[in-house]
Each structure stands twice: as structure tokens, then as C-alpha cells.
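Here is a short report on a two-chain model. Keep the sequence and the structure in view while reading.

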Amino acid sequence: MGKIKKKGVAGNARNFITRTQAVRKLQISLPDFRRLCIFKGIYPREPRNKKKANKGSTAPVTFYYTKDIQYLLHEPVLQKFRDHKTFSKKLSKALGRGDFSDAKRLEELHKPRIKLDHIIKERYPSFTDAIRDLDDALSTIFLFANLPSNRDIPAKTIETCARLANEFQHWVIRKRALRKSFLSIKGIYYQAEIQGQDVLWLVPYKFAQNVPSDVDFRIMLTFLDFYTTLLGFVMFRLYTVEGLVYPPKFDKTMDDKGAGLRAFLLESKRVGALEDGKEKEMVVKTKDVSKQLETLGEKIKEIEEKGEEETPTAISATEGEETVNEGLDKFTAIPSKDGTATDILQQPNADAGEGGKMANMFSEFTIYLSRETPREPLEFLLRSFGCKRIGWDAVLGEGSFTADDTDPSITHQIVDRPPMIGLPPMPAKKDGEDTEMGNNGTSGQRGKVMGRIYVQPQYIWDCVNAGRILRPDSYAQGAELPPHLSPWVKAKDGEYDPTAPVADDGESEEEEEAEEVKLVENGKNGVANEKESEEEEEEEEEEDEEWGGMDTELAGEGEEDSEEEEEEVEAVEIPSSEDEPSDDEELQHQRELEAEAKGLAYTDEKKSKKSEAKKKLEKEKQQKQAELERQKMMMTKKKRKLYERMEYGNKKKQDEKERLESKRRKIEREKKKGKN
Amino acid sequence: MTAKTSTRKRSRTAAEEEKAVLSSEDEFEIPEINGDESSDEEDFSPGDEDSEDEEEESSGDEIEDEIDSDEIPSEDESISKRNGTSNGDTTTGSDGEDTSDPIDNVKVVVGADGGPRYIYPEIDPVYDSDDTDVEETNTIGNIPLEYYENYPHVGYDINGKRIMRPAAGKALDTLLDSIELPKGWTGLIDKNSGAALNLTEEELEIVKKLQRSEITEDGYDPYPDLVEYFSNTVEQMPLSSAPEPKRRFIPSKHEQKRVMKIVKGIREGRILPYKPQAEKTDEPEFYDIWADDAPQKPDHIMNIPAPKLPPPTHDESYNPPAEYLPNETEKKDWEDQDPEDREKNYLPRSHKALRLVPGYNGFVNERFERCLDLYLAPRVRRNKLNIDPASLLPKLPSPDDLKPFPTTCATVYRGHEGRVRSVAADPSGVWVATGGDDGTVRVWEILTGRQVWKLKVSSDEAVDSVTWRPTSEGRILAAACGNEILLVVPPIFDSEEETHGKEILSAGFGYATNKEGKKEAPGTWSKPDSELEEEGVVVTITVRKTVKYIAWHRRGDYLVTVSPEDVRKAVCIHRVSTHLSQTPFKEKSVTKGIPQRVQFHPSKPLLFVATKRYIRIYDLAKAELSKTLKPGARWISSIDIHPQGDNLIVGSYDKRLLWHDLDLSTKPYRTLRYHDRGIRAVAFHRGGFPLFCSSSDDGTVQVFHGKIYSDLMENALIVPLKVLKGHKIVSHLGVLDVDWHPKQPWLFSAGADGTARLWN
């Protein structure tokens, strides 16, 4: 026999420590402990055996990993907390005495300031680690940037958050790092790719945020403290790697006018070394150069007059001669003489290929935003995908490419209002021409301006998520928009896919026998029906492909067309369900008559056949069930439980899928009915 | 004190100057005092008053001196001699002083008349001297007595009358000599009164103490306990009632000077009172913290990074497909749910245009929840099994491969009144025998279900067990009824077989008689009565208690019976060829429990004895216990051994069917629990089909596929095949016995509902 082990000296009992014990060990108050945990990223654990970890007690307690706490003991921030404690005593003393000037002096000069630099480095030893943890940081910072300041939230914090958010957006725009975006009911999701890591964050819509009273802002602000520091360092790194001066120049007056992103001016590192005055000159010069270089006519002139955020490109244009190409060199394999094969390695190529094309998706467009559209997200999105000329109504703030909504260079206008009453409803086909025909002179009356495409904001998002420019037909002003789908959901096998057409399988129809009696007779027998439905599916798939590639084939067809298309799709299904029955009815009637003539009781052969098939199916099902039961009988208890759990999960998924499918079928049927 | 000191002084002075004193000293025998006193005197000499005193006294003393010298010359001489030897210098010194003193202190000034005028130093009247108190005082004041040398008086009293010099002279001396010295006599003369100065007792005491250099005062403590006035203990009363000094209220001038210096510095700008913090300006807020980017290390095993929030799904869209929108019931369900129970914290909504999308109310809350989750939620690493659940299902041979097995009830054998206790198919596969509670043994034709033979054994006792002799020739049926075992050759076979069977049974009649008388045999072999003999019963064996089970040896020569009621001799082995019975276990303790079932091994000389809990395997050849199986059941009801002999199934009343692989372990290889009630009987197929079954009180017979592989590494495959339902449950009893057809995959079952059934 081995040595008898003493209880409570190893394993769970040693590895875990309760929160109370931890607080006592560190000799700090609970709020301080909370803050420390937030800063250091220390979280409670769930020991394998709670009873062992808690010295035999099963009372509900929070456990921490003992080594985590051990390593908090030497934390410099802990000392700061203690300093703060003495400071607060002094302050309260001064205030108690009514010595306000002293209190002010204390506050200004002797308040211990916590530096989190070392913690950042400690928690994220490599830059990639930091990027990986950026999701929550960005979401929180964007939220705070949109919050009103109040007693709990100082205005300065909000200012910092807004600044950081804008800086980050600038970087994303410059690096063309944005990948996907999604309009949800909660806000707008964005996903950017930074150093190969996907970062997803959520930005609320521009509304006054509801600040609930039950939210403890002290905790939120502690997190925010950490996140702002983290993002600050990340931004510094990202900017410097990009060759930019980190805190980008911030134009207060522009910002006050609501310029948003335009209030920041990015500077290149090399230029940043120059003095202010010189730099300005430089900017002017670059403009001249670019003027000479690019002879794109009036548009460009306007861009430059507006002092567009062209600096980055301009800089690169001027420095192009001096600087060495920083990109990758092209390696070309030299074919060997004796003809032995060599391996050709893949090289990432930023410019060519889909990525490059996608990143400059809107580069050809000049887009004007109507005043009812949300400017910030649209501007961010458009600029991240290469659009350089974005104009908007003066109501939306400063920094527009053009405030003149009749500017002929505008190719697209984003509108989010119903079409003007009084104007005839426009067929979506060739709307540009139509407007030309209809409201030639109404541009001044805020009617449609000819020569541009009017789209709803969702168009931009759908284009971004699709990775290509979609046909704008179904996004025309006032049109019923196609559903906006999450770009992150990839329907796997056995999951519901809203983009794929649903098969009208026989069973579900039978379920709805009461509703549609006619449809009952449709199925000849179960097997045949199945085959039929399979065929149908195939057909539909073909149909779908056509549908998907429609934009290339069909040009200038509007929303109605797409609906027609849908109808067609349904029409494929219908013949099997509606046309046949009519034939069947006749046949049946004929048979009945024949039977009568023979003096025999008519038995519906079909019906009997069907019932037979049904029976057969049922039997099969039963057999399968029995077989399954038999197999389950042979499993060990542990495995059986696991199996049942998995089955439960799968069943839930399946149910969800079926629910959605049946709903969709119903909706489609109703639609059809409505049309008929 | 003052009075005393004065007296002391007086005595002192007297001692200094006069030889008379010495004589008196002589008498007192205090020679040392002189030296002491003289030194004392020296000390005092500078003082004015003292010298004055001395002058005065010395004048007086001189007179006395004279008298003394006159009076006691002889003594004087002797004393002077002594003095000369011991204290000579002191006396001379003191004399010298005495003479010089008046000259030193007296200033000689030219008086108004031109003559020298002696100005004596001012006399400090010592108020506290005793002299004032003396009643009878000489009023001469400070005039030395020597001035009165020539007069018979020594001064005047307060009334102006002369104070006469006391008597002196020889007459007196003689008188005095004749008179004893009075107490306290010092030999000194009071200068005021001129009388002899006597010392009182106390004064003498003081003098003595002084001589011993002790402290003169009574009760004086030279070392009193220290009273710490300025200590740490807070006193109730102030030590000093002195008011605070004024300086304590006046601002320090020095300090003010220093403050003014600082103020001046501040005014001139040399000193900055509130220095702005340096660090703020020095360090940049952000820097490249990842400049020396560490190579990415794999995470520590205990580090669990926070899970990212899942990306939004379609139904979160502001314009989702219509099927994602909730209908009325779903909406209501969602609203009725507790916010914590909701699967999703939002209800899908659809908006026709982006401008119609309202702000999301729960944004801050959700962010907050996330924050809370990040630092409050315990994190656990969970392994997600991303496998097809179907892969967990064991691979079973398809039911077609397992065929044939009994599936349906083919024949019902009706005829028994009451329960059918036992069923057995004969080795030829044509007949099946049953025994029941009605005390009959019946033989049926298997296929038709016709009863071909019936034997009423007993009217009150049930037939508990029937079995056929498992050999191809000589059909013998053994039936147990009460404590009798009947060996029957049913008259249903052709005569040849019948006679062959009878021959086998009756061959041993001779042996039985031979052995008689030795010892009481456990079983008595006898011929049945004629009635039974006619019916085909050849031999009856009578044992002591009711026999519950009979099992044949594979060769058909031995049969073993169990009578659980017989505690000591429960197991009996009977040999047919010799008509002998024996009990292999003499004591109950050998089997350790009441035997329930006994079985011979199909090929080896082993005997399996199942007690309530254990199965013991005895080697009959070596006559020893070879193995004990522990099925873990509470009460074993039945066992059966696989025809190959390496596997064993055990049925128990606690609903379990246990498969033992004898090569593996003493614990069961599989424990099957598919019956709702206790298992009554279990049986292996002996005709080559890998089947076994169990019957239970729940009225069902369960058929299993139990395949044993010749490869020792491969364990037996057990597959449940069929649950045969048909027997009714009568008073909680279902199917009491089962047996397999020897060749076909057919199953016979005996039920408590009075029927036996054939399943195929």
C-alpha cells in the first residue's frame, strides 16, 4: 500500500482559493480586488471537485486559482491602491475641514495615477495576443463614445473613447482591413482583419443611449480604463508599423462642426518630422503634383479644394520616387535545364486578385448621402472599400466632398425615404433615364436627379458582404428590400439556409391536409413522391443558379422582375401539386363511373395504395426505432447518456430547421395566394 | 533643631578653649571629639558671627580658665600632657586663633578725639538663638566676661542687680569633690547664668550619635523611596499651578524670519510651491510596447481565454427573412419567459427601412453583462465532442445475420391445472415434457401440441422439475415430485427403445441391496408401486427433503439433485447404473450457503453449485474447490453453462442476468438488466445456435444472441434479440422455466398461467 495521503495539501484543495480567502490574503477591499482582477484579467475557476476545493463544504462559493492570486501579491498596482487609500483619507480630511484649496491641490498633484503599461505587456506578451482580445475592447469603446456624459461618466472619458474609435476607424480605412458588416437590431457589426486575426465589434446606432440605473459604471469604467490603454498601445503599434505618426492630428474646429472622421489628419512618419508650416506647404505642393499627375478633370479639382483626406495617397505619390518598394518582390522560378520539376511557392498579393478588387469596390463611385441616412457608418464603410468621393447634405456635418446634391459627378445617391408623393411611381428599370424623362427640371425641388442611381443604405452592406457590386434594382428607393442576412452564418449540413429554396415535401403537405384537400391526392405513393421531390429539388437548384447569376443576364429589371422570378420558381413546384390533381380528379371520376357500371363498390385504388405505402413507411420507421433501441441497450450507461445528449442537441437543431422551413412554406403559400 | 545646634555650639566652644572641658571630656571619655570640633571650628571661622561668639566666649572662658587652672592644677597638668601628645596642635591652633580673632575683626579708626576708636563689626542678633528665652539672663550683652574679671559680679540681671559670681575656690572644690557628679554634668559653665551647664539625656544621646557619626534625629530616613513626580502616569492634579508662560503664546520670531525668507523666494520666483508632476510631461502616453515582440508561446494549461461573443445570426438582422419573425404565440412565450431563461435576449423584428430602426434599449446592459461575465463567471474548459452520435452506437450484426431466433408463439400446450413448473424437450426433438403444480408429468408432441402421455405422480405435491436423460438412446425422463425422484420411461417410444431404457434403469438393483446396512444412504432406490410401474416408472429415489432441481451428467449415468430445504445434505448425486446415492458435501459449511442450482460441466469433471450469492466450482476428480464466482447478485435463481463450458449465465431474482466468462474473471463480464421482475430461468441453446434466453416473472422471455469466438482475445458478443410476450402473469409469477429445442432454434417456456409454449 502506498503512503497515506494527507487531505487538503494537494490537488484541488491546494489549487483553488475562495474569493474571501483571496481578498484576505491580498489585504485589500473587495472593490479593489474586483478592479485588480479586471486589470489583470483574473477570473474565477470551476474546480473539478468543488467539495475537495472547499474543504468538504458544498456551499456555493467563487474559486480562484491559487497561483493567480499568489502572483497578484507583487503587483505594483496593488501598491497604488494602497496609496490611493491614504490619498483619499487626506482628501476627505481636507474636505472635512473645508479646506478646498488644499483638497484641490491634493487632487491635482498627489492623486496616485495607475499605469497599466506593464499589465498590458504582461497579459499580451505578443502583439497578436492583444489583437485577439480586441473584440470587447472595441465594442466597449464604441459604446462609450456614443454615451452621454453624466455624473458617473466624465466627459473626458467619452472624448478619449471617441478619439480612439475614430483613430481606429482611420487605420481600418487606410489598411482596407474591413471585411464584413451587418445591420442588426442592436447596432452595426463590423469585422476587420488585423494581422490575420478577425476582430468583430458592435457599434450602436446614433441615438441617445438608454443608460439604465442598475448598471454599475464603476466596473464598466474599470474595464474601459484597461481597454483604452490597450487600444492606445495597439493603435500606436498599428500606426507606427504603417509608417504614420501616432496621435494623428486632430482638428478641434472641424470636430465641433461635426466632421467626424474628417477631423483627423494622418501624417506620414517622414513628413511628420517636418515643421507645421512646412508640412502645410508640402500638402499644398502635393496637391499641385497630384493635379499634374492626375488629369481626371473637375471631380478631382473639387476633391482637392475640399481638402480631402487625400494626404496618405498624396504622400505616397510624392515619395514614390525616393522610396524603395516596400512590398514583396516577385519570385519567378527558373526552369531547370534538365527538366526536373521545382516547387512553386505561393505568394500573397495585395493588389491583384479578389482581395484587392474587393477592397476598392467603390473606388469608381461618387456617392452622395441624403440627409436621412446615417453618415458615420456609411462613410466608414464606403471609405474602407475604396470610395474617395463621398458627399453629404450639410445637415450631416462638415467634411463633405460636395454639399451640392445636384453635382453631376455623383454616380450613386443613398436614400432612405419613401419616394416623393405626387410623382408617378417609377418602374425600377433604367431609373436614371426615367428620371430624366419624368423630372427633368425638378432637381431643385428635391426630386430625383438624372444620371445617378438611387439606392437604399442596405445596398452598401449587401455589396460589402457579397464581396462584389450587386445589382441595385432591388434596393431602389421605396422598394421592398430583400432580407438582410448575417454574413457570419454559413449554413452547414442539416441547418436551415434562408437563401436556399425549401423543398415542398409531401409529408408536410399531408400535415396540412385540412387546409388544402386537393393537394392530398397529389402523391401517388410515398416512394414516388420522394423521388419526385428530389427531382424538384434538382430543378430548383438549377433554377437557383440561374437566379443567382441573373444580374449578368438580365439588365435593368427592377424589383417586380425578381418577384416574377420568384413566381417562376414557385411555378415549378405548382404543376406537381395543382395541375396534376385536376387530371387526377377526372380520372378518379371516370373510374368511379366505371365501377358503378360494373356494379362493384368503388375502392379508391390510389388511396389504398397510399395507405399501404404509409403503412410500409411506418413499419420501416418502427423497425428502425426497434433497431436503435436494441443498439442503445448494448451501450454502456455513460455512452448512452452522451448519445442521448447529442441526440437532444441534434433534435433541437432539426426542430428549429423544420420550424423555419414550415414557416417559410406557409409564407410562400400565402404570398402565392395573395397574388392569385 | 536651632536650640540644639546652639547648645552644641556652646559645648563645642567650651571644649575648644578650656582645659576644664578636657577634664570633663576625660570623664566622658570622648577624646576624639576635640579634633573633630576643632576642624569644625576652623570651618566656621570665616563666619562673622562665629568669631564674635568666640570672642565673647573666649573672654568668659579665660576667666574660667583661670579658675580652672587655679582649682585643679594637677589634673590640668596631666591633661595638658595628654593633650600635648594627642591633640597638641589643635589646642595651640585654636589658642592662636582666639588671640588673633579680636584683632582681625576690630577696625581701628581715628576717633573724633583723635584717639583710636575700635569699631567692632556689627552684631547680628541671632533671633533664633536660645539665649533670648533664658529667663534669668545677664544683661551685659556681648561684653566679654573677662571684663568682669576683677569684679565679684559677672553682670546684671534685668532688674539691674548684680549677678554675683558663683562661688569658687578651694572650699567649693572640696565640697564638689565630696559630692557625686550630677547627672548630665559637663563641667561647663553657662555663660549667662554662670552655673554649671548640664546636658539632658536627649542632648547626651545626640552627642553620642554624633560621635558614632549617625544621624541625630530620630526617624529620619536617609533613603526614602523615590517619588516620581514627572512620570508617565497622568496625575489628577497639576504639579504646578503656575500659569502658562507668555512666551508660549508669542509667535517665534526666528520662525517668522525663516518663513519670510521662503515667502520672498516664492515672490521672486526662486521657489515653486506646487511643482507640476514631472512624469506627466516626460513620458509619452503610448509607446511601442511590443517593440521586442516575444515569440508567441503556447498558453499555459490553466489559462482559459475568455470565449468571444458569437457573431450575430440572421434573426438579429434589422430586416430578416420573414420566417425568422416570431408569430403571436412565440412572441407571447418569449415575453412570458423570465429574462434569464430566454434563449436569446432579443425578439427578431423587421424594419422596412434603415431609418425606421430604433435605438436598442439593452445595449449598455448587454455590454455590462459581458463585462460581468468576463471577470465574474467561472471558466471551465469543456471538451466538445464533435462526432456523429451514430458513431457511438455499437456495431451490431444486422438482425438478418443473427437469424434464426424464436420470434412468435407457435404452439400452446394446454392441459395443466395450475402452474407449469418445468419444461424439457427430449433429445430427439419430438417430445416435450412438462411438470406442473397439479402433480402430473405430461409429454406433448412438439409440433402438434397434442398431449401424448400423462402421469399423475402425486395429488398434493407439485412436480418441480422434469428432465430428459441427455443421451441419444435410452429415453429416460427424470421427474422430481416432493422428496421423490422418478425415473420414467414413458410408453411413447417404440418398444425397442423402451426396453433399452428400462434395462439401463433396472441394471443397478443388485448393487443397492449389497450396500445396505452400512450406513443410512442419502437416497433410497426402490421399485414403484404397480400402478406407477404400469405407467412406465421404473425406479423411484427417495431423498430426505423436497427436490427442487434435477440435472443429468452428459453421459447419463449420474444425476444430481438439489433439495434446498435439507440443510446438511442438499446436493445428492445419484448413479443410475449402481442405484447408489451419495452426498458430496457432508457439511453445510462446505458449500457455505443453501445450494440453489447444481450443474455438471458439459465436458470436464466439474460440478457447479450455485448458492444464493456465489457459484462454486468443484473439481470432482480431485475432490476440491477449484473456483468461486461472484456474480454480485443477491439471490441467484438459476444458472446455465454454455455447451463449450467456458461461459456461464446466471439469472437472479434481483432482475439481473449475468454473463460470466470463466477465463476472464470471477466477476461477471456483462450484467444485463432488461427484465422488470426477477429472473426465474436461464438457458443456453445446446444445438449449435448461439442463443440464450432468460425468463422472468414479468411474463416475458428475452432471447439473446451470445456468440463466443474461438479466438481467446475476443470477448463474447452479446446482442439482445427478442422479447417474447405471451404468458400471463398469475399471482406475480410469470414464466417459470424455459428450455431450448435440441436442434432447432425453438424455445419452450412454462408459465404460471398453466400453459407451456413453443416459440419459433
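How many bridges join strand S34 of chain B to S35(B), and do the strands run parallel or antiparallel? Four bridges join S34(B), residues 747-751, to S35(B), and the two strands run antiparallel. This is a predicted model.

**The end of chain B**

Start with the pairing in detail. B:Leu747 has B:Trp759 of S35(B) as its bridge partner. S34(B) and S35(B) form a hairpin with three residues between the strands. In that hairpin, B:Gly754 takes a positive phi near 85°.

S35(B) has another partner. Strand S7 of chain B, residues 409-414, is joined to S35(B) by five bridges, again antiparallel. Here B:Cys409 stands opposite B:Trp759. B:Trp759 therefore faces B:Cys409 in S7(B) and is also the bridge partner of B:Leu747.

Is S35(B) enclosed or open? Five of the five residues in S35(B), residues 755-759, are buried, so the strand is largely enclosed by the rest of the structure. B:Thr755, B:Arg757 and B:Trp759 point one way. B:Ala756 and B:Leu758 point the other way. In a regular strand, side chains alternate between the two faces of the sheet.

The UniProt record, an unreviewed entry, annotates "repeat: WD" on residues 413-454 and 735-760 of chain B. The span 735-760 is 62% strand and 0% helix. Its end C-alpha atoms lie 17 Å apart.

**Strand S9 and its neighbours**

Strand S9 of chain B covers residues 431-436. Six of its six residues are buried, so S9(B) is largely enclosed by the rest of the structure. B:Trp431, B:Ala433 and B:Gly435 point one way. B:Val432, B:Thr434 and B:Gly436 point the other way.

S9(B) pairs with S8(B), residues 420-425, through five antiparallel bridges. S9(B) also pairs with S10(B), residues 440-445, through five antiparallel bridges. B:Thr434 appears in both pairings: B:Val423 stands opposite B:Thr434, and B:Thr434 stands opposite B:Arg442 in S10(B).

The hairpins described so far are listed here.

| Hairpin | Residues between the strands | Glycine and its positive phi |
|---|---|---|
| S8(B) and S9(B) | five residues | B:Gly429, near 85° |
| S9(B) and S10(B) | three residues | B:Gly439, about 80° |
| S34(B) and S35(B) | three residues | B:Gly754, near 85° |

**An exposed loop residue**

B:Lys183 sits in the loop between helix H6 (170-178) and strand S5 (185-189) of chain B. Is B:Lys183 buried or exposed? B:Lys183 is exposed, because just 10 other C-beta atoms lie within 10 Å, and the cut-off for exposed is 12 or fewer. B:Glu201 is 18 residues away from B:Lys183 in sequence. In space, the two are 8.6 Å apart, C-alpha to C-alpha.

**The two chains overall**

Chain B has 16 helices and 35 strands. Buried residues make up 33% of its 760 residues. Of the chain B contacts with a separation of 6 or more, 51% are between residues 24 or more positions apart.

Chain A has 28 helices and eleven strands. Buried residues make up 29% of its 676 residues. Of the chain A contacts between residues at least 6 apart in sequence, 64% join residues at least 24 apart.

**Nonpolar cores**

In soluble globular proteins, nonpolar side chains tend to be buried together. The largest nonpolar core in this model has 112 residues. A:Ile141 and A:Met235 have the most contacts inside it. Helix H12 of chain A, residues 217-241, gives the largest share of this core, 13 residues. A:Met235 touches A:Leu164, A:Glu167, A:Phe168, A:Trp171 and A:Tyr246, leaving aside residues up to four places away in sequence.

A second, separate core has 101 residues. Among them are B:Ile504, B:Leu505, B:Leu658 and B:Leu724.

**Where the chains touch**

How many residues does each chain bring to the contact? Chain A brings 76 residues and chain B brings 57 residues. On the chain B side, helix H11 (363-376) and strand S32 (717-725) each supply at least two residues. H11(B) gives the most, with ten residues. By class, the chain B side has 36 nonpolar, nine polar and twelve charged residues.

Conventions:
Residues numbered from 1 in each chain as written. Chains lettered and ligands numbered in written order. Predicted model: local features only at pLDDT ≥ 70, side-chain atom pairs only at ≥ 80, totals over all residues. Contact = placed C-beta atoms within 7 Å. Nonpolar A, V, L, I, M, F, W, Y, C, P; charged D, E, K, R; others polar. UniProt positions renumbered as here; feature names shortened; annotations may be inferred. Buried ≥ 20, exposed ≤ 12 C-beta atoms within 10 Å, placed from the backbone. Core = buried A, V, L, I, M, F, W, Y, C linked by C-beta atoms within 7 Å. Pairing = 2+ DSSP bridges.
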